[in-house]
Amino acid sequence: MRTKLFIHKKNHQIAITEAAALLKAGEVVAFPTETVYGLGADATNERAVSKIFKAKGRPGDNPLIVHVACKQQLFELVQTYPAYVEKLIAAFSPGPITYVLPSNGRVAANVTAGLPTVGVRIPDHKAALALLEMCGLPLAAPSANVSGKPSPTTAKHVLDDLDGKIAAVLDGGAAYVGVESTVVDCTRDVPVILRVGQIKKEAIQQVVGSVEVACAAYTTTPKSPGVKYKHYMPEVPLYLVMDQAKMNSIIDCEKRNGKKIGILFTGENQPFDNVDKTFYLGDDEREIAANLYDTLRQMKKRDVDIVFAIIDSPKKIGSAVMDRLGRAATNVIN
Ligand code: TXA
Ligand code: MG
């Protein structure tokens, strides 16, 4: 299959029209959102949705997030919802937040991986909203990467993973948030955060009073199935170093083993001069999130054998990026 590339610049209508036509015909099209690029298909068409799982190599028990253009379209997919959902939507949507609600069965069974619930969000991105409006369909869309790899934040990342496997990519520039949406279980009296993102617990708490965070450590069947799979893995092993004082002896030891060493660091860290490559994430939480996946994708076997991420201030790095780094990492050095 030849993957078409549509460029969305200044509301380019032709790009949107052609991408929408492919989606309506049951094809898979990658599109930009504010968080990461999504791999979209008509959420009501089981065959179209199965093409997403095939292209990504995604396990069938991991449900997909459905993207809609507006609040009304969101409510068309669910049975009931608690009153606090209206408040959350008013405060945060369009934006990087996904609501898990009881499905009314309008989306295809493979979208929800057989769960009675569906995850829905309204993305805050011009091209995504234009595409959703033009095709008039709810679009199921996981991140547009091959399963297990870092999520894509540019059209180039998507093509690096999926060129030849999908009908088209809509290029709308770099995704500016850089980490996936906050996923909130809204099936209970109190909302429960299943995946952390840019919209924080504190912000949700301010709007609805109380909120809980799911403890993955205590559940044997994860409520959000995707959380149990390995994610975001760079080409080379990544170690998180929580105690910077150990860094010099770690570098010395690995050098003796003949390893080429990379260091991942943020603004406050001093990059080491005796390493083979340094990867700079940024200086504040938003910049760090926006650069994360591109930086993980830059870690190539030809340059380094192992990368150490220096974590001197988890608070500054932020909970969403700490969560993703924790899952991208092979090991944590305390
Ligand atoms: O920002 C985002 O959310 C991006 C963009 C493309 O919208 N999408 C994304 O999709 O990150 P994906 O498939 O990579 O991650 C979806 C997460 C998974 O952890 C999945 O298990 C969870 O959301 N999820 C989806 N539907 C769910 C449901 N009904 N109940 C619980 N968790 C659900
Ligand atoms: Mg993903």
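**Exercise 1.** Is Arg121 buried or exposed? Determine also which residue pairs with Arg121 in a salt bridge, and what the pair joins.

*Solution.* The structure is a predicted model.
Step 1. The relative accessibility of Arg121 is 2%. Buried means under 20% relative accessible area, so Arg121 counts as buried.
Step 2. The partner of Arg121 is Glu34, and the closest N and O atoms of this salt bridge are 3.0 Å apart.
Step 3. Arg121 belongs to strand β6 (residues 117–121), while Glu34 sits in the loop between β2 (29–31) and β3 (38–42); the pair therefore ties together parts that are 87 residues apart in sequence.
Step 4. Glu34 is likewise buried, its relative accessible area being 0%.

**Exercise 2.** Establish where Glu76 and Arg106 lie, and classify the accessibility of each.

*Solution.*
Step 1. Glu76 and Arg106 form a salt bridge in which the closest N and O atoms are 3.5 Å apart.
Step 2. Glu76 is found in the loop between α3 (71–75) and α4 (84–92), and Arg106 in the loop between β5 (97–102) and β6, so this salt bridge ties together parts 30 residues apart in sequence.
Step 3. Glu76 has a relative accessible area of 35% and is partly exposed. Arg106, at 40% relative accessibility, also counts as partly exposed.

**Exercise 3.** Describe the salt bridge between Lys316 and Asp283, and state how accessible each residue is.

*Solution.*
Step 1. The two side chains meet at 3.6 Å, N to O.
Step 2. Lys316 is part of helix α10 (residues 314–317), whereas Asp283 lies in the loop between β14 (277–280) and α9 (285–297); the pair links distant parts of the chain, 33 residues apart.
Step 3. Lys316 counts as buried at 17% relative accessibility, but Asp283, at 42%, is partly exposed.
Step 4. For the wider picture, a search of the whole structure finds 15 salt bridges. Glu180, Asp323, Arg324 and Arg327 are linked in a network of such bridges.

**Exercise 4.** Examine helix α2 (residues 46–56): which residues are buried, what covers them, and what is found at the ends of the helix?

*Solution.*
Step 1. The buried residues of α2 are Ala48, Val49, Ile52, Phe53, Ala55 and Lys56.
Step 2. An α-helix has 3.6 residues a turn, so residues three or four places apart point the same way.
Step 3. The cover over the buried residues of α2 includes β3, β7 (139–140) and α6 (155–162).
Step 4. At the N-terminal end, Asn45 caps α2, with a side-chain oxygen 3.0 Å from the backbone nitrogen of Arg47. Following α2 is Gly57, which has a positive phi, near 70°.

Technical notes. Residues numbered from 1 in each chain as written. Chains lettered and ligands numbered in written order. Predicted model: local features only at pLDDT ≥ 70, side-chain atom pairs only at ≥ 80, totals over all residues. Heavy atoms only, no water. Salt bridge = Lys/Arg side-chain N within 4 Å of Asp/Glu carboxyl O. Helix = DSSP H or I, 4+ residues; strand = E, 2+ residues; numbered from the N terminus. Buried < 20%, exposed > 50% of the residue type's maximum accessible area, 1.4 Å probe, protein only. Contact = heavy atoms within 4.5 Å. Polar contact = N/O pair within 3.5 Å; in protein donor to acceptor, adjacent residues only side chain to side chain.
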